[in-house]
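Here is a set of short exercises to work through with the coordinates open. Try each task before reading its solution.

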Amino acid sequence: AQDLELALTGPQADDLRAQLEVTEGWGRTPMSFAAQLGDVRKLRALQQTGANVQVMWLDKYPLAWWVLDSRSTEAMRWCLAQAGVQVDAPFGDLQETLLLDAIERDDLPMTELLLNAGADVHLQDDPGLYPVGAARSRAMQALLLAHGAREDEMARAGAKVALCLPHGDPFDTERRPEWLLGCTP
C-alpha cells in the first residue's frame, strides 16, 4: 500500500493516473484488485487519485462484490460508506444481493455487518430464494432468524440445514420424500 501511495504521488503519477480505469483480460481495474484483496489503504489511495468507486465488473458486479471475495469486513465498511453504494442493490443475472452472497459463502462476520448496515433479511433473488433459505449452516440460520428472518422462508434447503441434513441444491424443486429420512422426532 505504501508503494502504491508513493507511486501515485511520485514523478510518474500522471502516467499512473491515466491507467486507473484500464482493465486486464478479465475486465478488472486496479480498484477491483484492491477490493479483492480487501486492502482499504489501497482502495483509499486509488479513490483519492480519481479511480472510479462505482466500477462494475462485466457490467453486472459492483466493487462490493469483490470486497465480499476478500472477506474483509473493514473493506466492506469502507465500501458501504461510499456515495451511491446501496447495501441491497441487486446485481448479476439472478439479481443477487451482497447479503445473499455473504450467506452463500457462510461468512458470518460479513453477513452480520451487512445486516447491521440495513440489508433486508426478506429480500429474495430472481429465482425466489430468501436469505435464510440460502444458509448453509445452523449458525447462519440463527443469525438471520435473530435479525428477523422467518422460519417459513427457509424452504427445503433451509429445512435440511436446520435438521442437520446435507444442504443440497437450493434450486432443487423436485419433491422427494427421502429428504426427511434420518430425521429424528
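The exercises below use a predicted model, and each one ends with a worked solution.

**Exercise 1. Describe the overall fold: how many helices and strands are in the chain, and in what pattern do they follow along the sequence?**

Solution. Start with the count: the chain has 11 helices and two strands. Next, read along the sequence, which gives α-α-α-α-β-β-α-α-α-α-α-α-α. Then look at burial: 41% of the 185 residues count as buried. Finally, take the contacts with a separation of 6 or more; residues 24 or more positions apart account for 58% of them.

**Exercise 2. Find the buried residues of helix α3 and work out how they are arranged around its axis.**

Solution. Helix α3 spans residues 30-37, and its buried residues are Met31, Ser32, Ala34 and Ala35. Looking down the axis of α3, these buried residues fall within an arc of 165 degrees, so they line one face of the helix. A reminder helps with the spacing: an α-helix has 3.6 residues a turn, so residues three or four places apart point the same way. Now ask what lies over the buried residues of α3: the cover includes α4 (40-49) and α5 (63-70). To finish, step past the end of α3 to glycine 38, which has a positive phi, near 70 degrees.

**Exercise 3. Repeat the burial analysis for helix α6, then decide whether cysteine 79 and cysteine 164 are buried or exposed.**

Solution. Helix α6 covers residues 73-80, with Ala75, Met76, Trp78, Cys79 and Leu80 buried. Among the elements that cover these residues are α4, α5, α7 (98-104) and α8 (108-116). For the cysteines, apply the cut-offs of under 20% for buried and over 50% for exposed. Cysteine 79 has 1% relative accessibility, so it counts as buried. Cysteine 164 has 55%, so it counts as exposed. The structure holds zero disulfides.

**Exercise 4. Classify the ring pairs Trp57 with Trp66 and Tyr61 with Trp65.**

Solution. A search of the whole structure gives six aromatic pairs. For tryptophan 57 and tryptophan 66, the ring centres are 4.9 Å apart and the planes stand at 65 degrees, so this pair is edge-to-face. Both of these tryptophans are buried. For tyrosine 61 and tryptophan 65, the centres are 4.6 Å apart with the planes at 40 degrees, so the pair is tilted. Tyrosine 61 is buried at 14% relative accessible area, and tryptophan 65 is buried at 17%. Putting the pieces together, ring pairs link Trp57, Tyr61, Trp65, Trp66 and Phe91 into a cluster.

**Exercise 5. Which parts of the chain does the salt bridge between arginine 41 and glutamate 5 link, and how are the partners of other salt bridges exposed?**

Solution. The count comes to nine salt bridges. In one of them, arginine 41 meets glutamate 5, with the closest N and O atoms 2.8 Å apart. This pair links distant parts of the chain, 36 residues apart: arginine 41 sits in helix α4 and glutamate 5 in helix α1 (residues 2-9). Arginine 41 is partly exposed at 41%, and glutamate 5 is partly exposed at 27%.

Now take glutamate 24 and arginine 28, which form a salt bridge at 3.0 Å, N to O. Glutamate 24 is partly exposed at 27%, whereas arginine 28 is buried at 14%.

Last, arginine 150 and glutamate 153 meet at 3.2 Å, N to O. Arginine 150 is partly exposed at 41%, whereas glutamate 153 is buried at 3%. Salt bridges with shared partners join Arg150, Asp152 and Glu153 into one network.

How values were computed:
Residues are numbered from 1 along each chain as its sequence is written. This is a predicted model: local features need pLDDT of at least 70, side-chain atom pairs count only at pLDDT 80 or more; totals for chains, interfaces and linings use all residues. Side-chain values use heavy atoms; hydrogens and water are left out. Buried means under 20% relative accessible area, exposed over 50%, partly exposed in between (1.4 Å probe, protein chains only). Helices (H or I, at least four residues) and strands (E, at least two) are DSSP runs, numbered from the N terminus. The arc is that of the directions from the helix axis to the C-beta atoms. Contact means heavy atoms within 4.5 Å. A disulfide is a pair of cysteine sulfur atoms within 2.5 Å. Rings of Phe, Tyr and Trp (its six-membered ring) pair if their centres lie within 6.5 Å; planes under 30 degrees apart count as stacked, over 60 as edge-to-face and the rest as tilted. A salt bridge is a side-chain nitrogen of Lys or Arg within 4 Å of a carboxyl oxygen of Asp or Glu.
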